[in-house]
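Subject: Structure handover

Hello,

Here is the structure we spoke about. My notes follow below it.

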Amino acid sequence: MDTNSRTVIPLIGAPNSGKSTLFNWLTGAKQRTVNYPGSTVEYSRGSLLEIYKKPVEIIDTPGIYSLFPKTSDEEVTVDILKANNYKKVILVIDATQLQRHLYIYKQLQEAGYDIIIAMMMTDLLKKSKKQINIALLEQELSVKIIPIEGRLGAGVKDLAAAIDLELGSNTPSLANLPRWNAEKQQSIQDNITDLMTKITVYPQGHDSKNLLDWTFKLDKIFLHSFLGISLFIGFMFFVFASIFWFAAPFMDFVDGLFGSLGEYTLTMLPDSLIGDFLANGVIASIGAFAVFAPQIFILFFLIGVLEDSGYLARAASLVDRFFSKIGMNGKAFVPLLSGFACAVPAMMATRTIENKKERWITMFILPIMTCSARLPVYALFIAFLFHDNPLLGGVVMALVYFLSLSIGLIFSSILNFFIKDTSPTKFILELPLYRVPMWRNITFNAYKRMMSYLTKAGPVIFVLALIIWLASTFPNYKEEDPIKRFDTSYAASIGHVIEPVFAPMGGDWRIGAAMVTTFAAREVFVGTLAVLFKVTDEDEDAQTQTLLERMKGATHADGSPLFTLPLVVSLMVFFIFALQCIATFAIAKKEMNSTKFAVIQLVTLNVIAYIMAVATYQILSVLI
Amino acid sequence: MNLSEIKKDGQFEVLGVESDELRERLTEMGVYRGLRGKLVRHLPFGGPVILQAGESLFALRREDAQWIQILEL
Ligand SMILES: Nc1nc2c(ncn2[C@@H]2O[C@H](COP(=O)(O)OP(=O)(O)OP(=O)(O)O)[C@@H](O)[C@H]2O)c(=O)[nH]1
Ligand SMILES: [Mg+2]
């Protein structure tokens, strides 16, 4: 650690106290801030903004209730404190939860840290009946306290100014902090209770309500047995269905746009390999995939609203009873929900689950949740099946999401049956106050996710399009007749090798090739499909056809239609189960610290995916 | 009397927690001996109980609540 040039200061504090919010203000970072205790599960570093003119590095950490960690996310924080010789820490506390958040203060103080307190949520405190005599608290604790308004950033400047670059002579050591026994814990809380009585004032005639008033009103609805659960299902249904409803017009528009662009390119560069490559390779694939960017935005925006409102902790509590019966914990709710976005951060979010078995099961079923990379695949197929009835399409889209969740829960109960483990499990969760979401942050985050969808999968699609185009054009690139050219290409020869694997689920070699590319990233499926059907289309006049139209016209070698209902459904079934994502495999291995877990998960899910897809196709073919 | 037995809107004072493991976590989270609170509601289908203490709210599994000895006020 380069202590001579930069002072490193971690932000430490109880869950949901506002650490990440403060970190963003201090460093200009854009960490996600979520109104749920335990949203940050990994530390991150950032430099104090230039304007404060101090060479200081700030670290955002997962929230902790104590320096004696109980969960893996708490361990992250305690481990970095142990591994580094920080002398100073900024203790972040929620002004409305003072009693509870001062507990760690006592531990940090005993460990010997030089502490500044950042008191967040002072805007909420102002609305409360209770007021805090901050000057007296500073005096009692002999510590500097900086009040901060985390929504607008008031007070952040004062905090930066209060950071003292001089390193004290203190040598804090967590290793030397003796474990607090029951008596000590209790006496610390008693001590804080006394302190609170001293510093709390109830101003006369101060016209303010109980802070919890609004929260109680909303909880009456959201925690109501029938109403609460129906509202939740209704909202989720709306989220998933609306993704499709919004998708449909975009798909038509962008499909048409890229179709014309391709045609234009071909007229500008007629009979040239480069023109063919641009139109049939690049434009077709990028177009097919870029259509879905707005849907990614909508998905992340709506999940963001749920996250920042304070509702998640309620949902977690509502499902705990049911989840505990199938080997999980209410705390699995948040990881599962974020699994609808992406399995990678979702797997990290399971760190808040204390019990090993519950965490194991949650990790195992997470990749089944419909992540955003599958969204384009489902949207394409549903548009294909329900093009005449977009309203119904949206409903089916929502059903696919619910289906993936139900399958995950069925897996969970099966695993629960086989894994014998009786280590104690519990569910204690603090419920934060409801808050109006921070719209700017949510919008920005959704935008960021959309851009990363485009920039991450975009280049992969470009490369795959290049490969597929090359393979289907060479070696006979001089051949005038496109059909002959194609039939003698490398792609066709490779295709015939892999065809038998996909034949039982109704696919031809093109479907097979597109499936193989999904193991690079699921979202490239629509792109590779677009290229493959463009270069293999035998109908020369149809250059402007959209992907959906091409799919309708596609045939097997014997002339029978390719995209039949059984094939489309069996492909969707495959995507529900299959784990095609290398990043997920890597994070599973890292989080569970077990290659075995990751391999078992990878093999099991993909084998089941294949079997289920084949079974679906075979059964539907008989029925229809 | 333990916390799982108290009725909705019942006020209580925490007397102690019979499981060491649970006690430590609860104390750290701010549910400790001497704390006064109120049982706000029971979640449906035997789900967790919701407690209020000051300006904090907690959800606690009913099985866990059984370990918490209370005095009804
Ligand atoms: N009204 C108000 N809300 C705030 C303030 N600071 C943070 N918040 C909100 O409080 C919630 C929690 O903030 P975070 O910064 O995510 O808290 P954290 O300490 O990083 O939480 P964990 O990572 O879970 O430990 C978010 O919904 C924030 O928008 C504040 O000063 N006033
Ligand atoms: Mg955080």
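Helices (H or I, at least four residues) and strands (E, at least two) are DSSP runs, numbered from the N terminus. This is a predicted model, in which local features need pLDDT of at least 70, side-chain atom pairs count only at pLDDT 80 or more, and totals for chains, interfaces and linings use all residues. Residues are numbered from 1 along each chain as its sequence is written, chains are lettered from A and ligands numbered from 1 in the order in which they are written, and side-chain values use heavy atoms, leaving out hydrogens and water.

The shared sheet: six strands form an open, antiparallel sheet in the order 9(A)-4(B)-3(B)-2(B)-1(B)-5(B), where two strands pair if DSSP finds at least two bridges between them. Its edges are strand 9 (428-431) of chain A and strand 5 (68-72) of chain B. Within the sheet, five bridges join strands 3 (49-53) and 4 (56-60) of chain B; Q52(B) has L57(B) as its bridge partner.

Helix 1 (20-29) of chain B lies across strand 9 of chain A and strands 1, 4 and 5 of chain B, at about 10° to strand 9 of chain A. Such angles run from 0 to 180 degrees between N-to-C directions, with axes fitted to C-alpha atoms, for helices over the stretch in contact (heavy atoms within 4.5 Å). Helix 13 (311-325) of chain A also packs on the sheet, touching strand 9 of chain A and strand 4 of chain B.

Elsewhere, helix 1 (19-27) of chain A has eight of its nine residues buried (under 20% relative accessible area, 1.4 Å probe, protein chains only; exposed is over 50%, partly exposed in between). Just after this helix, G28(A) takes a positive phi of about 80°.

Regards
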